[in-house]
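Subject: Handover of a structure

Dear colleague,

Please find below the structure that I am handing over to you. My findings follow it, and I would be grateful if you would read them alongside the coordinates.

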Amino acid sequence: MQISTHDLKAKIIESLKLQDITPEQIDDDAPLFGTGLGLDSIDALELVVLLEKDYGIVIKDIEEGRPAFRSVKTLAEFIAAKRPQ
Amino acid sequence: MPARFPVITGLGIVSAAGFGTEEVWRAVAAGASGLKPLTLFQSPRYGQIVTGEIQRDLIDAGAPTRSSRSDKLGWLAAREAIADAKINFQNCGDRVGIILGTSVGGSYDSERFLAALIKQGKMRPRPTRFHECSSTVDLIADSFGLFGPSMAIATACSSSALAIAQAAEMIMSGEADVMLTGGADSMSRMTWGGFHSLLLVDSAGCRPFDATRGGMSHGEGAAILVLESEENARRRGAKILARLSGWGMSCDAYHATAPHPQGAGATAAIQSALRRAGLEPAAIDYVNAHGTGTRDNDVAEAIALKTVFHNRVPPFSSTKRIFGHALAASGAMEAVVCVEALRHQQLPPNPGFSKCDPAIGLEPVTEMRHAPLTHVMSNSFGFGGNNGVLIFSKPETTPRTRAPKKIQVTIGGIGVIGPGAVTMKEITAPLPPGKGPVHSCGVLKDAAMLTPNQRRRLSRLQQMAIITARHSHTPDPAQRVAIAIGTGLGCLEDAGTFIENLVAKDEREPMPTRFPNSVHNSPAGQVAIDQVAHGMNSAPTAGETTFESALWQGICQLATDEADHALVGAADEMDKYLLSIGQRWGAWNETIMPGEGAVVVSLAGAEKIASPLARVTMLKLGRYRKPFDAQIEAEWIAAAVDLTKVEVLLSGAKGFRQLEPRYQAVAAALSKLAGRTLEHQTYKQLCGEFHSASAFGFSVAVSLAHEKNCGVLLYTLSQRGAKAACLIEP
């Protein structure tokens with residue numbers, strides 16, 4: 001099932017309390033961590049909570065989520081693949 | 001003054017692997033896991049995975065009932081250590097003090113209050129009486145009759161290493177002859193849910209340095225060392241177990257939870273400890289590693305070991321699988337392991353290790369074996385990149401530990417956030433109208449000073465600390481900066497919200513951002529990142545004398561030439577639970593108003609500051625006797641300070657009513673001793689009542705000293721027994 005990247009961006013902004021930024025300003029392919037939005041490992045853990053709360057995907061090892069957290073696009077693909085049907 | 005080398009003359013330890021030094025050493029030597037399934041509380045989400053939990057009936061045997069779980073652990077270890085040292089405190093006056101590392105404090109007990117409130121709507125605040133991290137220090141001091149300097153240090157997992165280092169400084173500087181030191185921490189839902197929220201727990205039990213390791217294991221316990229000056233130990237014919245010959249502290253100033261990937265801070269702390277001990281790296285025969293079993297810690301620590309020791313890393317092991325990670329107590333428990341290793345001339349093994357990790361490239365000791373040991377080292381690293389390293393040596397070695405110098409402590413700047421801050425409006429109770437005398441600024445007003453990430457991620461307490469630190473000091477990467485920012489009750493908002501969420505949602509949807517913010521050293525740690533300060537990073541907590549404890553630590557770093565500048569301060573915030581508990585107990589009324597705020601003071605030697613605000617010419621810490629005797633207190637002050645230099649006595653009167661008559665009586669007794677009436681001024685009518693209020697008082701004292709061109713004596717009593725006197729001169 002496809003995930004709207006716009007909705008996902010809105011959820012990320014809300015969950016991480018990102019300020020002065022709109023979903024439109026986040027590029028689907030831009031790196032989320034390091035440079036990009038300047039997120040770090042604690043933000044990644046907030047995304048883990050978001051994945052479980054909103055999509056029912058449980059991540060027990062952060063290494064599991066690492067490839068998915070590269071960009072909004074990879075995260076949307078990860079959710080589409082892992083989401084319980 | 002001849003150097004006063006610290007020696008260890010008594011040990012006490014309480015752990016999942018055993019009670020008492022002998023039993024614990026047998027467990028360490030056997031190298032077996034001490035971990036068992038969790039039974040202390042229900043964990044709906046994580047179940048009964050293995051921990052280093054201590055059986056309740058063992059804890060309850062003999063410990064005072066009016067205390068928290070952490071208090072009981074600490075008390076039991078103290079009793080053993082005092083008996084082991086065969087020491088009698090009766091005729092020691094105020095020469096015996098106590099500094100312990102504690103980060104959980106009474107949280108396990110306070111959580112029962114929150115659970116009852118959230119799940120059943122019942123307001124039962126009794127379990128919160130021992131919530132403070134300094135509660136264990138106060139209990140042991142009162143129980144065994146200690147009247148010297150007392151404080152707790154709450155820098156998460158490095159707490160007791162820092163506490164032991166500070167206790168050694170107390171002895172080296174001549175402030176005390178004997179110090180009880182170490183640490184105590186119990187398990188709690190907070191740390192349980194917290195480390196799980198960070199995905200840092202290995203459900204199979206920790207396997208430090210192993211290729212397949214998957215995180216840490218929770219633990220609890222306490223260990224106490226009797227540390228005394230060598231001359232004191234020799235005079236009373238005590239058996240010397242080992243020397244504490246070196247200690248080093250540093251801060252990664254890198255991240256709230258992750259260690260510096262190249263182990264830069266760990267390397268700096270190890271090198272500092274070696275420098276202090278006057279030893280070359282090759283002299284170290286064994287390292288008790290921090291070795292939590294998390295992927296990042298073990299790699300960073302291994303890099304640090306390779307950086308310091310090159311291709312000759314000494315035998316090392318982590319004993320975390322034996323005890324679990326007892327957080328603030330772990331450094332003290334591992335200090336006991338180190339002293340016992342020296343005494344038995346044996347290398348402790350590292351249970352949980354079986355396969356070498358190429359990212360680490362080092363193998364720990366896998367089986368107990370005999371080895372000639374002269375100097376051994378213990379590493380402790382905590383949240384906020386907070387590092388503490390201790391070196392223990394055989395009693396027969398000749399100590400070369402550097403002694404502190406006398407310095408002129410000069411104040412370069414002060415930042416104050418006092419009442420009147422915009423955010424105080426969130427609190428519904430009446431608030432005082434006053435404002436800070438030196439510099440008052442609301443968080444919102446100065447929020448523009450913060451980076452977007454600081455604004456979105458940090459809560460008020462850390463923000464207040466960062467802003468006040470910026471007002472006190474301009475970051476200069478060329479200078480070595482040490483930080484000691486204490487807090488009485490810590491980040492109440494983060495801790496309260498985290499537990500509230502945990503209880504209400506049965507551990508679902510945890511709050512990974514809140515947990516690292518909730519530790520007492522998060523303000524100090526965030527200031528270090530903001531100021532790029534790699535020196536010691538401490539967060540003392542000592543009730544109403546929290547600020548003076550921070551001041552002492554900062555001055556100590558200057559006197560030992562470990563720092564060019566010291567940023568010292570204290571911060572506390574009010575939250576809805578503290579406010580309501582205070583209301584329930586009738587603490588707040590028209591004259592005693594709940595307060596909050598932060599103060600950071602920049603200190604340096606006189607030669608470093610072009611236009612000083614004032615000087616700190618005397619600082620003395622101790623504990624008062626119960627019942628309170630104003631005459632004894634006045635004499636204690638008069639012994640430390642030349643009364644002809646004092647024009648104004650500034651005290652925390654106009655706050656809690658229990659303390660009010662004591663301050664008045666001491667002012668009268670001191671005037672009598674001085675032979676003239678000292679002007680008595682107060683500050684809590686300006687700032688309200690909170691644990692860090694004496695930091696605000698300090699800023700008032702500086703202002704008065706400047707304005708009136710006279711000496712101002714700041715005198716502070718804590719409700720639980722600690723006291724401090726500090727002289728500020730123009």
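**Strand pairing in chain B**

B:Cys251 stands opposite B:Asn386, a residue of strand S15 of chain B. Please note that this is a predicted model, and the statements in this message should be read accordingly.

The pairing just mentioned belongs to a longer series. Strand S9 (residues 242-251) of chain B and strand S15 (residues 386-393) of chain B are antiparallel and are joined by eight bridges. S9(B) also pairs with strand S1 (residues 6-15) of chain B, again in the antiparallel sense, through two bridges. In that second pairing, B:Val7 has B:Arg243 of S9(B) as its bridge partner.

How is S9(B) placed with respect to the rest of the structure? Of its 10 residues, 10 are buried, so the strand is largely enclosed by the rest of the structure. For reference, a residue counts as buried here if 20 or more other C-beta atoms lie within 10 Å of its own.

**Chain B as a whole**

Chain B has 730 residues, of which 64% are buried. Its secondary structure comprises 23 helices and 26 strands. Along the principal axes, the C-alpha atoms occupy a box of roughly 70 × 60 × 50 Å. Among the contacts in chain B with a separation of 6 or more, 81% are between residues 24 or more positions apart.

**Domains of chain B**

The domain assignment divides out domain 1 (10-393) and domain 2 (618-729). Their C-alpha centres are 35 Å apart. Where the two domains of chain B touch, 10 residues of domain 1 are in contact with seven residues of domain 2. On the domain 1 side, helix H5 (residues 135-144) of chain B gives the most, with three residues. By class, that side of domain 1 consists of four nonpolar, three polar and three charged residues.

**Contact between the chains**

Which residues does the contact between chain A and chain B take from each chain? Chain B supplies 16 residues and chain A supplies 15 residues. Helix H13 (residues 452-457) of chain B gives the most to the chain B side, with four residues. The chain B side that touches chain A is made up of eight nonpolar, five polar and three charged residues.

With kind regards

Methods:
Residues numbered from 1 in each chain as written. Chains lettered and ligands numbered in written order. Predicted model: local features only at pLDDT ≥ 70, side-chain atom pairs only at ≥ 80, totals over all residues. Nonpolar A, V, L, I, M, F, W, Y, C, P; charged D, E, K, R; others polar. Buried ≥ 20, exposed ≤ 12 C-beta atoms within 10 Å, placed from the backbone. Pairing = 2+ DSSP bridges. Domains from an automatic or database assignment.
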